[in-house]
Amino acid sequence: MHEDRRSAAPPLQQLTFSLADEEYGVDILAVREIRSWSRVTRIPQTPDYVLGVLNLRGAIVPIMDLRLRFGLQRESYGDDTVVIIVAITERLFGIVVDAVSDVVDIEPSAIKPVPDMGAVVDTRYLKGLATYAERMVMLLDVEKLMRPEDVETLEAALPAIQEVEVAA
């Protein structure tokens, strides 16, 4: 048996994307698909960063603008704007990002803890920082993007949305 090989953690595959001239990574195992930007159905009384929902092959998927979620200025959507559909505990949701870069392997030993930036930068959505090919990549913790109260608001509104989708 190769004990040494088993003890070394395998590299983590991250889908990297850009947002406000910074590079982020999301665990490739959470990514279900990458889509170009398309119009969504707005849901009343949701936070401003929740743009609405998208009917994805019969599944109603909430879509959030990651710039707004991070408190950044919203940009107009262009040809490079994409929606990354991610799955967290069997729940799908989409995040709108400026552009997708590529899939990279990041060694677990290269991941550093996120430094405390005080009140200036909200780091609770990040798992860590990694350097890859001379670039700093902020690793996203997708499970923390959607607050429990936002999920409850969306779930309360979804039956009405699904009825509209079926009736249309």
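**View A. Strands E5 and E7, side by side.** In this predicted model, strand E5 (residues 59-65) and strand E7 (residues 91-97) run parallel, joined by 3 bridges. Look for Asp-65, which sits opposite Val-96 in E7. As a reminder, strands of a sheet pair through backbone hydrogen bonds, and the pairing can be parallel or antiparallel.

**View B. The sheet around that pair.** Pull back a bit, and E5 and E7 turn out to belong to an open sheet of 5 strands. Reading across, the order goes E3-E6-E7-E5-E4, with mixed pairing. At the edges stand strand E3 (31-36) and strand E4 (50-56); each has a single partner strand, so one side of each has no neighbour in the sheet. Neighbouring strands here are turned against each other by 30 degrees on average, ignoring direction.

**View C. Following the chain from end to end.** Trace the chain and you'll pass through 3 helices and 11 strands. Along the sequence the pattern reads α-β-β-β-β-β-α-β-β-β-β-β-β-α. Now for contacts: take those between residues at least 6 apart in sequence, and 56% of them join residues at least 24 apart.

**View D. Inside and outside.** How much of the chain is buried? Of its 168 residues, 41% count as buried. As for the outside, the accessible surface of the chain adds up to about 10,000 Å², and carbon and sulfur atoms account for 51% of that surface.

Methods:
Residues are numbered from 1 along each chain as its sequence is written. This is a predicted model: local features need pLDDT of at least 70, side-chain atom pairs count only at pLDDT 80 or more; totals for chains, interfaces and linings use all residues. Side-chain values use heavy atoms; hydrogens and water are left out. Two strands pair if DSSP finds at least two bridges between them. Helices (H or I, at least four residues) and strands (E, at least two) are DSSP runs, numbered from the N terminus. Axes are lines fitted to C-alpha atoms, for helices over the stretch in contact, and angles run from 0 to 180 degrees between N-to-C directions. Buried means under 20% relative accessible area, exposed over 50%, partly exposed in between (1.4 Å probe, protein chains only). Contact means heavy atoms within 4.5 Å. Accessible areas come from the Shrake-Rupley method with a 1.4 Å probe; for residues, only the protein chains shown count as cover.
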